[in-house]
Amino acid sequence: MIDSFDPKAVLQGNMVKDELRQNPSTFATDSGVVQASTNRPLEKSNKPRMAGEVGGRILELMDSKARKQTDNWMKMFNTSNQGAEFNQAKMGPVDDRKKEGAES
């Protein structure tokens with residue numbers, strides 16, 4: 001008996017048969033996730049997000065008590081050694097050549 005089937009057709013048929021036999025792991029799932037779970041309770045943390053993460057803090061600072069507490073903290077920080085270092089670093093390095101040019 002002589003085989004009259006094309007070897008390429010047999011290979012293609014075997015590949016299709018294998019593909020049909022496979023069960024994808026994402027079948028009948030929501031976006032490929034088997035169990036979708038929430039990270040946080042939405043009823044407690046469902047606040048509107050205004051201006052990203054900063055917007056919530058701005059709303060808190062509208063309260064005069066929170067604003068006064070923040071202002072007091074900033075004053076105390078600015079008078080501390082760490083605050084002075086932070087403010088100096090924020091201003092940038094002092095260039096001695098510019099300083100000498102300004103004096104002459």
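1. A residue counts as buried when its relative accessible area is under 20%, as exposed when the value is over 50%, and as partly exposed in between. By that yardstick, 3% of the 104 residues of this protein count as buried. Please keep in mind from the start that this is a predicted model. The protein exposes about 10,500 Å², and carbon and sulfur atoms supply 56% of that area.

2. Next, the overall layout. The protein has six helices and zero strands. Reading from the N terminus, the order of elements is simply α-α-α-α-α-α. My points below deal with α3, which covers residues 54-61, and with α4 (64-79) and α5 (81-91), plus a word on α6, which covers residues 96-103.

3. How far does the confidence go? The mean pLDDT of the protein is 75, and 57% of its residues reach 70 or more. Where is confidence highest, and where is it lowest? Helix α4 comes out highest, at a mean of 93, while helix α6 is lowest, at a mean of 56. As a rule, predicted coordinates should not be read in detail where pLDDT is low. I'd go through α6 with that in mind, given its mean of 56.

4. Let's turn to helix α3. How many salt bridges does a search of the whole structure find? The answer is one. E60 is one partner and R57 is the other, with their closest N and O atoms 3.1 Å apart. The side chains of E60 and R57 are also joined by a polar contact of 3.1 Å. Why can these two meet? An α-helix has 3.6 residues a turn, so residues three or four places apart point the same way. E60 and R57 are three residues apart in helix α3, which puts about one helical turn between them. Both ends of the bridge are partly exposed: E60 has a relative accessible area of 46%, and R57 has 36%.

5. Helix α3 has something else to look at. V54, I58, L59 and M62 make a nonpolar surface patch of about 400 Å². One of these, L59, is placed in helix α3. L59 is partly exposed, with a relative accessible area of 42%. A patch residue needs over 30% relative accessible area, so L59, at 42%, passes that cut-off.

6. On to the aromatic rings. The structure holds two aromatic pairs. In one of them, W73 and F77 are stacked, with 5.2 Å from centre to centre and 5 degrees between the planes. Planes under 30 degrees apart count as stacked, so the 5 degrees between W73 and F77 fit that label. W73 and F77 are four residues apart in helix α4, so about one helical turn separates them. Are these two residues exposed or partly exposed? W73 is exposed, with a relative accessible area of 51%, whereas F77 is partly exposed at 22%. Ring pairs also bring in F86, linking W73, F77 and F86 into a cluster.

7. Now for the spot between α4 and α5. S80 is found in the loop between these two helices. What does the side chain of S80 reach? The side chain reaches the backbone oxygen of F77, at 2.6 Å. F77 therefore turns up twice in this note, once in the stacked pair with W73 and once as the partner of S80. S80 has a relative accessibility of 21%, so S80 counts as partly exposed.

8. Last, helix α5. Of its eleven residues, the number buried is one, so α5 lies largely in the open. After α5 comes G92, whose phi is positive, near 95 degrees.

9. For a first look, I'd begin with α4, where confidence is highest at a mean of 93, and with the stacked rings of W73 and F77. From there, the cluster leads on to F86, and the bridge between E60 and R57 makes a good next stop.

Methods. Residues numbered from 1 in each chain as written. Predicted model: local features only at pLDDT ≥ 70, side-chain atom pairs only at ≥ 80, totals over all residues. Heavy atoms only, no water. Buried < 20%, exposed > 50% of the residue type's maximum accessible area, 1.4 Å probe, protein only. Polar contact = N/O pair within 3.5 Å; in protein donor to acceptor, adjacent residues only side chain to side chain. pLDDT = per-residue confidence, 0-100. Phe/Tyr/Trp six-rings, centres within 6.5 Å; stacked < 30°, edge-to-face > 60°. Areas by Shrake-Rupley, 256 points an atom, 1.4 Å probe, with all protein chains shown as cover. Salt bridge = Lys/Arg side-chain N within 4 Å of Asp/Glu carboxyl O. Patch = residues over 30% accessible without salt bridge, like charges linked within 9 Å, V, L, I, M, F, W, Y side chains within 5 Å.
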